[in-house]
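This briefing concerns a single structure, shown below. Please keep the sequence and the coordinates in view while reading.

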Amino acid sequence: MTQSEASVPAWVERAWARRGEPHFAEAGGVPLHYLAWRLEHRERPGLLFVHGYRAHAHYWDAIAPYFADSHRVVAMDLAGMGDSGHRAQYGAYGFAADIAAVIAHAGLGPAVVVGHSFGGARALRAALEFPDLIKHVVAVDSICRFADSPSSKQAPPRRPRLEPYPDYASARARYRLAPGQPCDHPYLVDYIARHSLREQDGGWLWKFDPLLPPGPHEPDMAEVLRQLRVPVDYVRGEFSTVVRQHEAERIVACLPRGRGPIVVPQAYHYLMLDQPLALIAVLRVLLA
């Protein structure tokens with residue numbers, strides 16, 4: 001047992017013990033993997049969690065189960081990421097259609113959608129394109145580019161390795177959060193890393209499609225934001241280097257029914273990893 005495994009707190013162990021049940025929806029011929037908790041309770045409202053760029057549904061495994069006693073809960077893999085299938089081409093509408101397809105397949109609609117980073121922006125687009133399926137969006141440290149936004153100062157995503165790593169340890173040693181940030185919960189990062197890799201061709205490969213375009217953000221989200229009619233809550237990490245406070249304020253100002261930004265103290269970009277309990281508390285208040 002590693003040091004990080006030995007220090008897993010009881011609340012995380014309880015969440016991981018409530019494993020989501022795997023399912024597959026389909027959009028445009030591409031299988032979309034998702035994890036589900038308590039779908040049999042048809043009287044409960046639907047709640048969908050959407051991950052960020054090159055990430056996967058298991059980012060929410062310590063968060064989602066804490067909503068399963070009040071909601072029907074799903075955490076999905078967008079196309080080209082996690083255990084979902086890959087596409088020949090990726091675009092803004094395609095990711096929005098992925099979200100709609102999972103909501104429809106799981107019977108969640110009209111659902112609340114919680115999206116982190118890239119996934120939050122895709123959830124906003126989905127709420128515009130499929131208003132009958134989404135009733136509320138919570139965007140968590142989500143990037144929304146505007147026509148006059150300066151070029152990102154973040155380093156571009158690393159070019160993915162195409163050849164398998166010889167063993168899991170070699171692959172795990174290469175795993176990094178992007179952008180880098182402190183995290184006092186190494187057991188969560190270890191868990192995420194394990195679910196970011198698959199054993200294949202006698203070695204280990206990253207699950208995401210190496211042909212995903214780097215940071216495929218829409219060039220101008222202003223019109224999408226202004227046309228949204230659903231309530232949107234914007235949550236930001238206090239020390240995030242991805243979305244600055246003035247950028248979050250501008251996003252909220254464009255939303256007809258926007259609230260926030262709600263700033264989580266001591267949090268960076270990956271709030272579910274560095275301040276998970278605070279994020280659970282914020283989401284519980286927003287969903288009450």
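The points below cover the sheet, one helix and one buried residue.

This is a predicted model, in which local features need pLDDT of at least 70, side-chain atom pairs count only at pLDDT 80 or more, and totals for chains, interfaces and linings use all residues. Residues are numbered from 1 along each chain as its sequence is written, and side-chain values use heavy atoms, with hydrogens and water left out.

**Sheet**
- An open sheet of mixed pairing is formed by eight strands in the order S1-S2-S4-S3-S5-S6-S9-S10; strands (E, at least two residues) and helices (H or I, at least four) are DSSP runs numbered from the N terminus, and two strands pair if DSSP finds at least two bridges between them.
- Strands S1 (21–27) and S10 (258–264) are at the edges with a single partner strand each, so one side of each lacks a neighbour in the sheet.
- Strands S3 (46–50) and S5 (111–116) are paired in the parallel sense over five bridges, with Val50 opposite Gly115 of S5.

**Helix H2**
- In helix H2 (10–17), the buried residues (under 20% relative accessible area, 1.4 Å probe, protein chains only) are Trp11, Val12, Ala15 and Trp16.
- These buried residues pack against helices H6 (186–194) and H10 (276–287), contact meaning heavy atoms within 4.5 Å.

**Glu218**
- Glu218 lies in the loop between strand S8 (203–206) and helix H7 (222–227) and is buried, at 11% relative accessible area.
- Not counting residues up to four places away in sequence, Glu218 touches Ala92, Arg122, Arg125, Arg145 and Val224.

Note on methods. Buried < 20%, exposed > 50% of the residue type's maximum accessible area, 1.4 Å probe, protein only.
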